[in-house]
Each structure stands twice: as C-alpha cells, then as structure tokens.
Amino acid sequence: MNITEMCEKAHKTAKEHGFWDGEMTWKDETMNPPNEHITIVKRTTTLNSLFAKLALIHSEVSEAVEVLRTPNSLKWPPALREELADILIRTAAFAAALGLDLEKAVQDKMTKNEGRPWKHGRLA
Ligand SMILES: [Mg+2]
C-alpha cells in the first residue's frame, strides 16, 4: 500500500465509523492556491472541526508518550507501534478528507530535508 492508498483507505474507514460526517470539497490546489482560505471549507465541516481533528492527531502523539512512561518496558514496543500507526492513520484520513496529495508532500519534504544543514541549523 502506498501513501495515497493509505490516505484513501484511512478516510474511508473513518467515514464508515462515523467520523468525518461533513463532506470536504477542497481539492489539492497546491499548484493553484485558492484565493480565500475560508472558501476551502464547505458544508458542515468547519475550521473548528478541522482543529479538533488535528487535536486528535496530537492525542495519539500523547498516547505514544504515555506508552513510554509506562514502567513495564516489556510491553511498550507493541503499544508504541500501535500509537505510531494511529498517528499515521489519523494524519492520512485528514489529508484525504482535504484532498491533499500527502504522498507528494512527503516526497517534497524529504527532498527538502536532505538539503538542509546539520540539525537544520539549530542547536538541538
Ligand atoms: Mg491510540
């Protein structure tokens, strides 16, 4: 499964389970950005619900942190793997809902990162 397929499947599964009840109509317009940011959002899905979706991605990161804080270290590799999967799945569903080409974005960003200086010019 490639990243684009993962995005479509994650979004489809999320919709089938009651998430993303509004329809997003934003197409990936990275080559031709929309004039007004607010025109991106249609129907019942508002910017606030997008913020909530992003917060849920963050909640999965927090769950990964909690896994590492668990005293029984023998249990955390599988649990950590599951939380990392949750982060990817929620991110993939979000990108698909907005019509973003996440696969291209990842490729572009990895290429950009390859050309950046040591620690991206920061101390840590
Ligand atoms: Mg989780």
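**Figure 1. A93 and its partners in this predicted model.** Let's start with one alanine: leaving aside residues up to four places away in sequence, A93 touches A10, H11 and A14. A93 is one of the buried residues of α3, along with R90, A92, F94, A95, A96 and A97. A93 also belongs to the largest nonpolar core, which holds nine residues in all: C7, A10, A92, A93, F94, A95, A96, A97 and L98. Helices α1 and α3 each supply at least two residues of this core, and the largest share, six residues, comes from α3. As a general backdrop, nonpolar side chains tend to be buried together in soluble globular proteins.

**Figure 2. The crossing of α1 and α3.** Widen the view from A93 and the two helices come into frame. Their axes cross at roughly 90 degrees and come within 7 Å, so α1 and α3 are roughly perpendicular to each other. On the α1 side, the contact is formed by M6, C7, E8, A10, H11 and A14; on the α3 side, by I89, A92, A93, A95, A96 and A97. By class, these residues are 10 nonpolar, one polar and one charged.

**Figure 3. M6, a methionine of α1.** Is M6 buried or exposed? M6 has 19 C-beta neighbours inside 10 Å, and a residue needs 20 or more to be called buried, so M6 counts as partly exposed. Once residues up to four places away in sequence are set aside, M6 touches M1 and A92. M6 and I89 make a nice pair to look at: 83 residues separate them in sequence, yet their C-alpha atoms are 7.6 Å apart in space.

**Figure 4. Helix α3 from end to end.** This helix covers residues 76-97. At 1.5 Å a residue, its 22 residues should span 32 Å, and the end C-alpha atoms are 31 Å apart, which agrees. What do the buried residues of α3 pack against? Their partners are α1 (3-16), α2 (47-69) and α4 (102-114). After the helix comes G99, with a positive phi near 70 degrees.

**Figure 5. The pairing of α2 with α3.** Here the axes lie 9 Å apart and the packing angle is about 170 degrees. Angles over 145 degrees count as roughly antiparallel, so α2 is roughly antiparallel to α3. From α2, the contact draws on K53, L56, I57, E60, V61, E63, A64, V67 and L68; from α3, on W76, A79, L80, E83, L84, D86, I87, R90, T91 and F94. Sorted by class, the residues of this contact are 12 nonpolar, one polar and six charged. When following the spacing of these residues, it helps to recall that an α-helix has 3.6 residues a turn, so residues three or four places apart point the same way.

**Figure 6. Helix α4 and its contact with α1.** The two helices pack at an angle of about 140 degrees, with axes 7 Å apart, which makes α1 oblique to α4. I3, T4 and C7 of α1 meet L102, E103 and V106 of α4. Four nonpolar, one polar and one charged residues make up this contact. Among these residues, C7 is also part of the largest nonpolar core. As for α4 itself, its 13 residues reach 18 Å from first C-alpha to last, close to the 18 Å expected at 1.5 Å a residue. The helix is hardly covered, and the count of buried residues in α4 is zero.

**Figure 7. K119 and H120, in the segment after α4.** Most residues other than glycine have a negative phi, which gives this view its interest. Neither K119 nor H120 is a glycine, but phi is positive at both: about 50 degrees for K119 and about 55 degrees for H120. How many C-beta neighbours does K119 have inside 10 Å? The count is 8, so K119 counts as exposed. H120 has 7 such neighbours inside 10 Å and therefore counts as exposed too.

**Figure 8. The whole chain, for orientation.** Stepping back, the chain has four helices and zero strands, and its elements run α-α-α-α from the N terminus on. Buried residues make up 10% of the 124 residues. Of the contacts with a separation of 6 or more, 58% join residues 24 or more positions apart.

Technical notes. Residues numbered from 1 in each chain as written. Predicted model: local features only at pLDDT ≥ 70, side-chain atom pairs only at ≥ 80, totals over all residues. Expected span 1.5 Å × (residues − 1). Buried ≥ 20, exposed ≤ 12 C-beta atoms within 10 Å, placed from the backbone. Contact = placed C-beta atoms within 7 Å. Axes fitted to C-alpha atoms, helices over the stretch in contact; angles between N-to-C directions. Parallel < 35°, antiparallel > 145°, perpendicular 65-115°, else oblique. Nonpolar A, V, L, I, M, F, W, Y, C, P; charged D, E, K, R; others polar. Core = buried A, V, L, I, M, F, W, Y, C linked by C-beta atoms within 7 Å.
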